[in-house]
Amino acid sequence: MIADGSGQGGFTVAAYLEVKPGTELNGVDQLNAPMAATTTTDKKGRFSLRLDRNAIPDQFIDEDNAVNFLIQVTDGNDLIASHSATVYAPALDKRGKRRGPWTAINVEGERAKAKAIRLNIELDDSPIGFDVLEEHVSEEAFENDLVVPNQGIDEFEELAIENQAWYCSQTRLNKVKDAPVIMNTAGTNSPYITYDYLFNQFGSSADSVTVGVGFSYSGLNGSWTQTGTTKVSSSVTLEFPQRTKGHRHYKSKISYYRWQYSCTGATGTNTHYIIKPENLRGDAWSTWTASKGCKNCTIVGPNVVVRHKTGTTVSYSNGVSLSGGIGSGAAEIGNLSLSSINKMEGGDSHQLSFRNTHPTARKYVCGQHGPLGSNNTGRLVGDWQNRDWQR
């Protein structure tokens with residue numbers, strides 16, 4: 001149940017597999033932790049996440065057989081709530097199979113067979129509560145799945161009071177940094193191909209960049225990892241000037257804040273920390289980057305302009321730099337970098353443009369992963385030759 005005090009729904013709820021910092025899980029990096037399930041709430045804020053137990057890789061089951069999830073709630077482009085949950089897989093038998101029930105820690109601090117985990121998340125600074133359920137859902141429903149059932153808030157509050165469930169709070173601690181973010185990358189290898197980049201032309205917050213969210217159990221330097229992503233938009237138009245040579249990273253800044261989440265229950269208090277973005281600022285500049293020759297070329301005729309408006313252009317695992325933060329707690333962040341992904345949604349407000357200025361000769365625009373107009377071009381580059389010939 002997601003409750004914001006207004007009775008409105010329509011939030012997006014996603015569960016991500018999570019790696020605890022300092023835990024060796026066969027070389028799996030938290031940055032590559034997959035989304036396990038996603039859904040949206042109904043008009044009353046109710047939701048049900050169904051997770052296929054057989055689809056959870058062994059790399060995400062630690063030495064105690066624990067599987068950790070981060071539940072994130074978003075409203076449009078805003079990350080508005082985050083909550084961790086843990087379930088325990090059956091131990092491996094002699095044949096390397098996991099047989100038997102999945103379990104979770106109940107309100108008495110003991111492991112119990114867990115058919116489901118119920119979440120009640122308040123978005124108006126009220127507590128977040130959760131409890132382990134052992135009824136209300138048929139046995140057949142859990143043959144292959146773990147389920148967060150669709151329950152109403154009144155029923156949950158009754159259960160929480162009766163069983164002394166855990167309660168959680170969230171506190172915004174401080175601004176970490178107006179962090180530089182790579183919005184896009186483009187370039188030209190031809191003196192006759194110019195290029196420019198435009199973001200949110202009409203100032204309507206219609207365009208966004210997808211960036212990483214930081215997570216830590218301790219909040220200390222060296223413990224931070226990325227856990228999931230969120231979209232950030234702006235009502236400000238970012239217009240980058242036309243370039244006639246070289247390759248450039250297009251950049252802006254995103255304000256990141258540090259949050260503390262604390263949950264108190266029968267077995268004590270658990271705390272973790274989140275670094276998440278709140279807004280994309282109006283800063284716009286570019287920096288030089290090394291030239292790249294790309295295949296997947298498209299012909300551009302003399303005096304012709306082509307525009308790319310749809311699909312992913314660039315994706316960087318270190319596209320957001322949080323090193324050198326400000327204020328209290330900055331030293332604990334260290335040299336953390338988070339991902340940035342540029343995905344254009346179509347329309348004229350967000351586009352990369354390339355112009356062939358030669359009066360008679362055709363030139364090319366080439367993509368790192370796919371041709372101009374495809375769903376995943378990678379870096380787009382103007383060129384004087386068709387590099388598809390150079391295999």
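Visitor: At a relative accessibility of 3%, does C294 count as buried or exposed?
Guide: This is a predicted model in which local features need pLDDT of at least 70 and side-chain atom pairs count only at pLDDT 80 or more, while totals for chains, interfaces and linings use all residues. Residues are numbered from 1 along each chain as its sequence is written, and side-chain values use heavy atoms, with hydrogens and water left out. Buried means under 20% relative accessible area, exposed over 50%, and partly exposed in between (1.4 Å probe, protein chains only). At 3%, C294 therefore counts as buried.

Visitor: Which cysteine has the sulfur closest to that of C294, and how far away is it?
Guide: A disulfide is a pair of cysteine sulfur atoms within 2.5 Å. The sulfur of C294 is too far for a bond, because its closest cysteine sulfur belongs to C366, at 6.9 Å.

Visitor: Which residue is joined to C297 by a disulfide?
Guide: The count of disulfides comes to one. The S to S distance is 2.1 Å, and the partner of C297 is C366.

Visitor: How many residues apart in sequence are the parts that this disulfide ties together?
Guide: Strands (E, at least two residues) and helices (H or I, at least four) are DSSP runs, numbered from the N terminus. C297 lies in strand β20 (residues 297–300) and C366 in strand β25 (residues 363–367), so the sequence separation of the tied parts is 69 residues.

Visitor: What is the relative accessible area of C366?
Guide: Its partner C297 is buried, with a value of 15%. C366 is also buried, with a relative accessible area of 0%.

Visitor: Which strand gives the most residues to the largest nonpolar core?
Guide: A nonpolar core is a set of buried Ala, Val, Leu, Ile, Met, Phe, Trp, Tyr and Cys residues joined through side-chain atoms within 4.5 Å. The largest has 34 residues, and Y256, L322 and F354 have the most contacts inside it. Strands that each supply at least two residues include β13 (193–199), β17 (246–265) and β24 (351–356). With five residues, the one giving the most is β12.

Visitor: Which side chain forms a polar contact with that of S216?
Guide: S216 is found in strand β14 and is buried, with a relative accessible area of 0%. Leaving aside neighbours within four places in sequence, S216 is in contact (heavy atoms within 4.5 Å) with residues including W224, H272 and Y273. A polar contact is a pair of N or O atoms within 3.5 Å; within protein, one must be able to donate a hydrogen and the other to accept it, and residues adjacent in sequence count only if both atoms are side-chain atoms. At 2.6 Å, the partner of S216 is S223.
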